[in-house]
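Work through the exercises below with the sequence and the model in view. Each one sets a task and then solves it step by step.

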Amino acid sequence: MSNEMRKNLKDRAKEFSVQLPFMEGREKGDAKELVGMISTIADYGFLKGDDGREYVVFITKERSKHFYFGGTVLTDQMQQLEAEGYHEDIVAEGLPMLMTEKKSKNNRSYINVEFYPE
């Protein structure tokens, strides 16, 4: 590739650190800190994990200095809402949720998500 067509090293290297616009200026939080509290998803998007699957990345109104990676359950739910066209509604109104820790039948812990908890 000729030097005229090649991007400068800085611009090219930045392409490897894939981020969503809302992640800029925020620190990665641990989603476990949201367990047991009602929080409101203010924006979200999807990034590919090392395993090739997409995972939801989201920010909340209550902890605005952090972004969080969601697990499989939340990712599946948010992908369904995205496919049904609710992204703009979630950004405009927020999506209240309550994350709770549950145990599966084989005694494994997982995070359950309830939207619009009472």
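Contact here means heavy atoms within 4.5 Å. The model is predicted.

**Exercise 1. List what T40 touches, and say where T40 sits.**

Step 1. Locate the residue: T40 belongs to strand β2.

Step 2. Apply the contact cut-off, setting aside neighbours within four places in sequence. T40 is then in contact with I59, T60, K61, E62, G94, L95 and P96.

Step 3. Look for a bridge partner. T40 is paired with P96, which lies in β5. The strands β2 and β5 run antiparallel and are joined by four bridges.

Step 4. Decide whether T40 is buried or exposed. Buried means under 20% relative accessible area. T40 has 12% relative accessibility, so T40 counts as buried.

**Exercise 2. Describe how E62 and T40 are related in sequence and in space.**

Step 1. Place E62: it is in the loop between β3 and β4. These two strands form a hairpin with five residues between them.

Step 2. Compare the two separations. Along the sequence E62 and T40 are 22 residues apart, while their C-alpha atoms are 6.9 Å apart in space.

Step 3. Find the atoms involved. A polar atom of the E62 side chain lies 2.7 Å from the backbone nitrogen of T40.

Step 4. Add the other contacts. Not counting residues up to four places away in sequence, E62 touches M37, I38, S39 and T40.

Step 5. Check the exposure. The relative accessible area of E62 is 39%, and E62 is partly exposed.

**Exercise 3. Give the strand order of the sheet and explain which strands stand at its edges.**

Step 1. Start from the whole protein. It has three helices and six strands, and along the sequence they follow the pattern α-β-β-β-β-α-α-β-β.

Step 2. Read the order across the sheet. The six strands form an open sheet in the order β1-β4-β3-β2-β5-β6, and the pairing is mixed.

Step 3. Identify the edges. β1 (27–28) and β6 (109–115) each have a single partner strand, so one side of each is left without a neighbour in the sheet.

Step 4. Recall what holds such neighbours together. Strands of a sheet pair through backbone hydrogen bonds, either parallel or antiparallel.

Step 5. Go through pairs of neighbours:

- β3 (residues 54–60) and β4 (residues 66–69) pair in the antiparallel sense over two bridges, with F58 opposite Y68 in β4.
- β2 and β3 are antiparallel over seven bridges, and D43 stands opposite I59 in β3.
- β5 and β6 are antiparallel over seven bridges, and E101 has I111 in β6 as its bridge partner.

Step 6. Look at the turns. The hairpin of β2 and β3 has five residues between the strands, and G52 there takes a positive phi near 90 degrees. The hairpin of β5 and β6 also has five residues between its strands, and in it N107 takes a positive phi near 70 degrees.

**Exercise 4. Find what lies across the sheet and which residues make up the nonpolar cores.**

Step 1. Find the helix. Helix α2 (residues 72–83) lies across β2 (38–48), β3, β5 (95–103) and β6, and runs at about 85 degrees to β3.

Step 2. Examine β3. Five of its seven residues are buried, so β3 is largely enclosed by the rest of the structure.

Step 3. Identify the largest nonpolar core. It has 15 residues, of which I41, Y44, F58 and M78 touch the most other members. β2, β3, α2 and β5 each supply at least two residues of this core.

Step 4. Take I41 as an example. Beyond four places in sequence, I41 touches F58, I59, T60, M78, I90, G94, L95, M97 and F115.

Step 5. Look for another core. A second, separate core has eight residues, including L20, M23, A42 and V57.

**Exercise 5. Summarise the protein as a whole in figures.**

Step 1. Burial: buried residues make up 29% of the 118 residues.

Step 2. Surface: the protein exposes about 8,300 Å², and carbon and sulfur atoms supply 49% of this area.

Step 3. Range of contacts: among contacts between residues at least 6 apart in sequence, 49% join residues at least 24 apart.

How values were computed
Residues are numbered from 1 along each chain as its sequence is written. This is a predicted model: local features need pLDDT of at least 70, side-chain atom pairs count only at pLDDT 80 or more; totals for chains, interfaces and linings use all residues. Side-chain values use heavy atoms; hydrogens and water are left out. Two strands pair if DSSP finds at least two bridges between them. Axes are lines fitted to C-alpha atoms, for helices over the stretch in contact, and angles run from 0 to 180 degrees between N-to-C directions. Buried means under 20% relative accessible area, exposed over 50%, partly exposed in between (1.4 Å probe, protein chains only). A polar contact is a pair of N or O atoms within 3.5 Å; within protein, one must be able to donate a hydrogen and the other to accept it, and residues adjacent in sequence count only if both atoms are side-chain atoms. Accessible areas come from the Shrake-Rupley method with a 1.4 Å probe; for residues, only the protein chains shown count as cover. A nonpolar core is a set of buried Ala, Val, Leu, Ile, Met, Phe, Trp, Tyr and Cys residues joined through side-chain atoms within 4.5 Å.
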